[in-house]
Each structure stands twice: as structure tokens, then as C-alpha cells.
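Open the model in your viewer and keep the selection tool at hand. We will go stop by stop.

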Amino acid sequence: MAINVRIPTVMRSNTAGQATVECSGESVASVLLNLIGQYPDIKGVLFESDSALHKYVNIYLDSDDIR
């Protein structure tokens, strides 16, 4: 399933300036893994460790905060 991930301005240097990145996945975790697969440098911006998101990272599904 194709998912459009919106990238905040401060993180766009990690996605070649892209404001929206098309990813695939059936879960939030798989979409994030796909995003990291496309843009490996974004991993350090999103995650504190291999499994913990930084506190400033918010995840929304449509308009609902699902973090």
C-alpha cells in the first residue's frame, strides 16, 4: 500500500529536500523502515535508538496523533 509521508521542513535535508515521500507498508513500523530504506540519514533524526522515537517526533494517521 502506498503511503504519503509528510516531512517537516527541518528534516527535509535528510530526504533530498522532499516535502512528501511515498513509502509502502502495512503498519507504521514498516512505513518507517521503508522511509529509512529510501533515506538512511533520516534514521538518526527519527530515532534515539533502534526502537525509540525521539520525543520531538510525532506520528499522525490522517489527522490523529497515534504516537
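Select Ala 16. This residue sits in the loop between strand 1 and strand 2, and strand 2 covers 20–24. Keep in mind that you are looking at a predicted model. Is Ala 16 buried or exposed? Its relative accessibility is 62%, so Ala 16 counts as exposed, the cut-off for that class being over 50%. Now check the backbone. Ala 16 is not a glycine, yet its phi is positive, at about 55 degrees.

Add Ser 30 to the selection. Draw a distance between the C-alpha atoms of Ala 16 and Ser 30: they are 21 Å apart. Along the chain, 14 residues separate the two.

Next, select Asp 62. Look for it in the loop between strand 3 and strand 4, where strand 4 is 64–65. Here too phi is positive in a residue other than glycine, with a value near 60 degrees. Asp 62 counts as exposed because its relative accessibility is 76%, and the class begins over 50%.

Move to Val 28, in helix 1. How exposed is Val 28? At 39% relative accessibility, Val 28 counts as partly exposed, a class that lies between the 20% and 50% cut-offs. Now add Leu 61 and Ile 66. Together with Val 28, they make a nonpolar surface patch of about 250 Å².

Keep Val 28 selected, since this residue also helps to line the second largest pocket. Add Ala 29, Leu 32, Leu 33 and Ile 36. Then add Lys 43, Phe 47, Asp 50, Leu 53 and Ile 59 to complete the lining. Which element gives the largest share? Helix 1 does, with 5 residues. Colour the lining by type: 8 residues are nonpolar, 2 are charged and no polar ones appear. The space inside is about 170 Å³.

Last stop: the largest pocket. Its volume is about 800 Å³. Select Asn 4, Val 5, Arg 6, Ile 59 and Tyr 60, which lie nearest its centre among the 26 lining residues. Ile 59 should be familiar, as it also lines the second largest pocket.

Now show the elements around the largest pocket. Strand 1 (2–6), helix 1 (28–38) and strand 3 (60–61) each supply at least two residues of its lining. What kinds of residue make up this lining? Colour by type again: you will find 18 nonpolar, 5 polar and 3 charged.

Conventions:
Residues numbered from 1 in each chain as written. Predicted model: local features only at pLDDT ≥ 70, side-chain atom pairs only at ≥ 80, totals over all residues. Heavy atoms only, no water. 1 Å grid on protein atoms, 1.4 Å probe; cavity = no way out; pocket = protein on both sides within 12 Å on 5 of 7 lines; lining within 4 Å. Points joined across faces, edges and corners; volume = space filled by probe spheres on them. Helix = DSSP H or I, 4+ residues; strand = E, 2+ residues; numbered from the N terminus. Nonpolar A, V, L, I, M, F, W, Y, C, P; charged D, E, K, R; others polar. Patch = residues over 30% accessible without salt bridge, like charges linked within 9 Å, V, L, I, M, F, W, Y side chains within 5 Å. Areas by Shrake-Rupley, 256 points an atom, 1.4 Å probe, with all protein chains shown as cover. Salt bridge = Lys/Arg side-chain N within 4 Å of Asp/Glu carboxyl O. Buried < 20%, exposed > 50% of the residue type's maximum accessible area, 1.4 Å probe, protein only.
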